[in-house]
Amino acid sequence: MTNPLFLVDPITFKVTKTEDPNPWENYTRKFLDRVKQNIEKQITGKNTIESLKILNDEIVKLLDSEDCEWSKIPSDTRFPGFFSSLADHAIATSAVGVAIAAELWNKGVDLATGYGGSELAELLKDKKGLIEVVRTLCLLHDSGKPLFDHKEGTRKAVKGLLSQIGFGELASDLAVSASKHHYGAESEPEYYPKTKVEWIVAYADKVAVQDRVFAGKIIDVAVQPLRWLGSHVDDVNRQKILQLADFIEKFDEEAGAKNKEGECEGIKKIFPLDYECFKKLDSELLNVKERLGEDVRLALILLEGAGIQGYVTKSSSARHLVGRGSLVEVATRLAAKELEDMLAPESVIYVTSGSIFAIVPSSELSQIVDSLNKRFGEVVGGGIGLKGCKSPEEVSFNLFELKTGPKFTWSNWEKEKSLSKIGRRNFGEFYTILNNTISLLDVASGKSDLAVPAEEICSICFEEVALPKNDPDVLNVVNSLPNDEKEGYRAGAVCLKVDQHRMSLWKDIGKFLIIEFGEKAHIYLPEREPSEEVKNSPMYEIMKMVRGILEEKLNNEYKELAAGFPGSVSFGKIKSWDLLGFQSEYALKGKGIPEEGELGVSDVAFIRGDGDNFGLIKSAMNNLTLYRKVSKIFKEVIQRSIAKALSEVIIHQLKLYSEKYCSDIESKDLKLPSKLYLPFDIVYFGGDDFFLVLDAGFIFTFLQAFRDSVLDVLGPRRQKYDKREDENLSVFPLGVSLGVVVAPSKAPVHGTLGALGALEHYSKRYSKRKQKLDGGKIAFGSEISVALERFTTIPSKEFVKEIYEPKDFGKMTRICTTAWPLLGDEIFSNNSTKGKPLPLVKLMKMLLEQYGIRSNNVAEFYKIEALNEEEIKLRMKFKAARLDKNRPEREGYNLLADNLTVKEEDCIKFRHRDVANAMKIIKDNPLLLSTERSSP
């Protein structure tokens, strides 16, 4: 190879170069060898269809893995084809191919024609056989890449792989068909599709491929990133990229610019401006009936939970939320698995808690919706369901539409003078269409019109009729409950199912972390394999990730910490939140685990987060390949950031038992107990939104680590698109908005949830405002936004609203306006511009460590009524002046006064109320503030 291969991240434009003299040997051959090694023993004694399914499932599993060789090389070396990897393209092609094949089968089309009496012809006479054959061809159709003549390379590679596995003569037939997926004037006759199955693969390849199309939301922000990208690729691609940047920049300035011949001629293939040009380029997609014998329309199915928020929060017990949130995720994944078994795993484009997006044959739409709903209902026990459009006419599209965008975006294309409609010519726009056309299902609520005596009502949701106390399933659950939940326990059928799920989680994740310290820290695996239900829980996934991250950190970043502990320690999952919130306090005292009955009330942080612009960007991706890839990226950003943050919380907990990190603690007999509780519980994870609870003492450790992880993947907020080649920097303004309620552990759940939702709302509103720079231009990169309130009594959304939107705004009120929400940089950055207040954590550390100022010293100022900011500032300065010059508090009060400046209409700087509450949350102990931070 003379030129390197480029793979470019579609969100951050991070460029990965592969300068390898023989990339096929080092990437494709290695991938195919792994496939062979992994399935050889699995197919012994299986028939051909079963063997093909095992092969295809293993390929998809490897393509989805982080270390897949095909995920490191591009599907196309021409701009903008290098935005998707060979792995992404293979999966997307198979998703389309399977749907086409199943639709033709359902219409009675004979797909065995052209294969004579071969084994392949017999396979194509069976629907399952057809699906597995098409999967094999689609998944392996580019096995010759990145060779120059990849069609011939594909034929040799597929035949070699399948022959070695033991498919005999079938290997040759499949290899020939896999190589015939290109059509057009430049295609050699030998590799031109001839059979209907070969045309299925060719069409699927065309619909799924990037095909030099550049559209979607990115055109609104593309000029700076494109110019940056143009300087980091080869000369041939650079010319196309810079030409496109020039055109986008001039598009709105010159009316009718796109109609000038020569002005846009060179970019027709990379920017979908000209409908007639596209019709010519994709003429085969407009003549599907001629090639396949039937018109093909595929359905995009979107299933969304009906009443899920009400279901998850329908509880008088805060701990019960854990089971409900987890069970919804489990039910969604098992419902999606139902679809995977009917078609293929690739058919599901995206699945997360309460949401399934898939591509299916139109003729099976109604049956699929019913089947998935039935499975979902079986898992959750009733009361909620999935809503989805069952009418094929509303959600079915032809292949040309699926490739070039919805039909309405091409209406009056000759007169279009702006980028707005052009930006919607993409696959992601179909998600918006489905959302708008989704039909509500009648969902059984579990309620009864009959009056139920109070003693017979479910004590958890207060809606169901409770099961008998002597019911064996009820007794089994009661025996496993913590003491504070046993008294008066009466559960209906749905709530009992939730509790049974909670019991399964406790059993399988209760001792999920057992760390053995020594020369190297090692984390044991659980003694037994978790159940399928638990494996599908988001809690299990995140905790599995935590385990891997934690072991790596202890053996690399925190070697000295791990070396300081003898023996081992097991971390148990807290059954009752009454025990949550004491972990930081116990660690500071060198004590082990708190026991039920010996404690009072502790402070717990309830954290709810949601991705900013994640859904919007997904819905604007050009094609199926990118939509799937970006959806996966966004889910992993949140999931991995949660896992990294929780890992740092555990490490911080361990640090508090270490003399090296806590040398100023009076007791020098600190010893790591053999058993500890995890200082958190995961309530809900749904892709780009989540809800968890945490010992409030670790809240700033969590927020800092979470922010660092998000910025590591998406890059920090910047005004210009300027970065190193290997750096990440999102081309869109992205981030995560977080609402945080710090409240007593026994606080009523409904009030807490209301306050949490309100804080998240204000956090998101602030974040959106800050995504635009002066002059209205959109920023690049990411940031977190946090709205935090500490409640000493019952939390409520009304209280939050009064803080953020006081009726007498600008006048003296009893409630002092807060500075929250704050951006992550305002909380954690170590760099402060001259004249601006210090970041919150830095200010707290200085006040606590250097000047001896505690939360009660600060609180005395904001408790005084009818004082404006200047008066409070004067009082602080006056108090400082009265202190002896040698007392450290003197400088501390002056520092505090200098960090109170705020514009009432903006409320973005630090206020005394924030400082006092934040210091109180960490129990006035600077050891609970993280001391290390990696610069983004």
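So, α20 and α22: how do these two helices cross? α20 passes α22 in a left-handed crossing. Keep in mind, everyone, that this is a predicted model. Helix α20 covers residues 472–480, helix α22 covers residues 493–509, and their axes come within 10 Å of each other. The crossing angle is roughly 45 degrees. That's too wide for roughly parallel, which needs an angle under 35 degrees, and therefore we call α20 and α22 oblique to each other.

Who's actually touching whom? On the α20 side you've got Asp473, Val474, Val477 and Ser480. Facing them from α22 are Leu496, Asp499, Gln500, Met503 and Trp506. Sort the residues of that contact by character and you get 5 nonpolar, 2 polar and 2 charged.

Okay, next pair of helices. Find α1, residues 23–39, and α6, residues 150–165. Their axes are 10 Å apart, and the angle is about 25 degrees. So α1 counts as roughly parallel to α6. The handedness here? This crossing is right-handed. From α1, Trp24, Leu32, Lys36 and Ile39 come up against Ala157, Leu161, Gln164 and Ile165 of α6. That contact splits into 6 nonpolar residues, 1 polar and 1 charged.

Now let's look at a sheet. Which strands make it up, and in what order? Going across, it's β13-β14-β11-β15-β16-β17, so 6 strands in an open sheet with mixed pairing. At the edges sit β13, residues 680–685, and β17, residues 822–823, and each of those pairs on one side only. β17 runs antiparallel to β16, residues 781–790, and 2 bridges join them. If you want a spot to zoom in on, Ser785 stands opposite Leu823 of β17.

The sheet has helices against it, too. Helix α14, residues 320–342, packs on the sheet and touches β13 and β14, with its direction at about 40 degrees to that of β13. Then there's helix α28, residues 624–655, lying across β13, β14 and β15. α28 runs at about 170 degrees to β13.

Last stop: aromatic rings. How many aromatic pairs turn up in the whole structure? A search finds 29. One of them is Phe397 with Phe430, a tilted pair, with 4.5 Å from centre to centre and 50 degrees between the planes. This pair links distant parts of the chain, 33 residues apart: Phe397 belongs to strand β7, residues 396–398, and Phe430 to helix α19, residues 429–437. Okay, that's my tour, thanks!

How values were computed
Residues numbered from 1 in each chain as written. Predicted model: local features only at pLDDT ≥ 70, side-chain atom pairs only at ≥ 80, totals over all residues. Heavy atoms only, no water. Pairing = 2+ DSSP bridges. Helix = DSSP H or I, 4+ residues; strand = E, 2+ residues; numbered from the N terminus. Contact = heavy atoms within 4.5 Å. Axes fitted to C-alpha atoms, helices over the stretch in contact; angles between N-to-C directions. Parallel < 35°, antiparallel > 145°, perpendicular 65-115°, else oblique. Left-handed = near helix turned anticlockwise from the far one by under 90°. Nonpolar A, V, L, I, M, F, W, Y, C, P; charged D, E, K, R; others polar. Phe/Tyr/Trp six-rings, centres within 6.5 Å; stacked < 30°, edge-to-face > 60°.
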